[in-house]
Amino acid sequence: MRPNIVLFGDSITEQSFGSGGWGAALADTYARKADVILRGYGGYNTRWALFLLHHLFPLDSTKPPVATTIFFGANDAALLGRTNERQHVPVEEYKDNLRKIVKHLKECSPTMLIVLITPPPVDEEGRKIYAQSLHGENATKEPERTNEMAGVYAQQCFELAKELGLRCVDLWSKMQESEGWQKKYLRDGLHLTEEGNAVVYQEVMEAFREAWFDAEELPFDFPHHSKIDGKNPAKAFQEQSQC
């Protein structure tokens, strides 16, 4: 039976199965070896994500995921007093909510590989341009998110991973290592371009490899066609069942 990998997060996860998406790339990499399950919820913050845990990760599941990515923070970091303030979660609560999510997943399966992903950086000018494209002259003059605040949340995510001994993709820092990251990796100042998705994919794959969960090391669920004898096909399946 194939193991499951769950991608749990907000819109950046929800959109990851689109063309050039990081989730789609993971599904392709683990084809016939693990099922990549998308559980992304656009607009959600960690406070709202807590309501989903028992539905998505029931404690009595006989087949919990072997690996889960947790990718929240972009909405938690929305600023108070701005257009998206209902999504705002104080940074202390954000960190505590992440801790609760991890705790629940570990109760589902103590051996589950958990990878935390920090929120990405924010291109504030890109957010303004995007707002103007939607609302014209009525667009807000002040950004609803800032890169500085996203960095505060990213740091708390990174610190929690270190505290709990988990792997973490520090996306906020990684993307800003590249010149011109604002337009290279972000299509509207927040959500990812194809190149931005590639960064997430590469970093998640590296985290999986470090945890000895490399796709190349996993067996196929059923025999590769080259192993099937045309005159005696049953043999390959019998050998597979004995492994």
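**Notes on the predicted model**

1. A good place to start is T69, which is found in strand β3, spanning residues 67-71. Strands here are DSSP runs of E with at least two residues, helices are runs of H or I with at least four, and both are numbered from the N terminus. T69 is buried, at a relative accessible area of 0%; buried means under 20%, exposed means over 50%, and partly exposed is what lies in between, with a 1.4 Å probe and protein chains only. Leaving out residues up to four places away in sequence, T69 touches V6, L7, F8, W22, V115, I117, V204 and F208, where a contact means heavy atoms within 4.5 Å.

2. A word on the basis before going on. This is a predicted model, in which local features need pLDDT of at least 70 and side-chain atom pairs count only at pLDDT 80 or more, while totals for chains, interfaces and linings use all residues. Residues are numbered from 1 along each chain as its sequence is written, and side-chain values use heavy atoms, with hydrogens and water left out.

3. Now the overall picture. The chain has 11 helices and 5 strands, and its C-alpha atoms fill a box of roughly 70 × 35 × 30 Å along the principal axes. Of its 243 residues, 46% count as buried. Among contacts with a separation of 6 or more, 77% come from residues 24 or more positions apart.

4. On the surface and the charges: the accessible surface comes to about 12600 Å², and carbon and sulfur atoms contribute 50% of that. The areas come from the Shrake-Rupley method with a 1.4 Å probe. The chain carries 27 positive and 35 negative charges, and the mean positions of the two sets are 4 Å apart. Lys and Arg count as positive and Asp and Glu as negative, without His or the chain ends; each charge is placed at NZ of Lys, CZ of Arg, CG of Asp or CD of Glu.

5. You may like to look at the salt bridges next. There are 17 of them, each defined as a side-chain nitrogen of Lys or Arg within 4 Å of a carboxyl oxygen of Asp or Glu. One of them joins the side chains of R47 and E93, at 2.8 Å from N to O. This pair links distant parts of the chain, with R47 in helix α3 (residues 46-49) and E93 in helix α5 (residues 91-108), 46 residues apart. R47 is partly exposed at 31% relative accessible area, and E93 is partly exposed at 25%.

6. The salt bridge between E144 and R127 has an N to O distance of 2.7 Å. E144 lies in the loop between α6 (124-135) and α7 (147-164) and R127 in helix α6, so this pair ties together parts 17 residues apart in sequence. Both E144 and R127 are buried. R187 and D188 also meet in a salt bridge, at 3.8 Å from N to O, and D188 is buried at 4% relative accessibility. A network of salt bridges links R127, E144, R145, R187 and D188.

7. The aromatic residues deserve a look too. The structure holds 9 aromatic pairs. Rings of Phe, Tyr and Trp (its six-membered ring) pair if their centres lie within 6.5 Å; planes under 30 degrees apart count as stacked, over 60 as edge-to-face, and the rest as tilted. F8 and F57 form an edge-to-face pair, 5.5 Å centre to centre with 70° between the planes. Because F8 lies in strand β1 (residues 4-9) and F57 in the loop between α4 (53-56) and β3, the pair ties together parts 49 residues apart in sequence. Both F8 and F57 are buried, and together with F72 they form one aromatic cluster.

8. How are the rings of Y41 and Y44 arranged? Their centres are 5.5 Å apart and their planes at 45°, so the pair is tilted. Y41 is partly exposed at 23% relative accessibility, as is Y44 at 26%.

9. Two further residues to check by eye are T140 and L164. T140, in the loop between α6 and α7, is partly exposed at 34% relative accessible area. The C-alpha atoms of T140 and R82 are separated by 8.4 Å, with their places 58 residues apart along the chain. L164 belongs to helix α7 and is partly exposed at 33% relative accessibility. Beyond its neighbours within four places in sequence, L164 is in contact with R99 and V102; the C-alpha atoms of L164 and V102 are separated by 9.0 Å.
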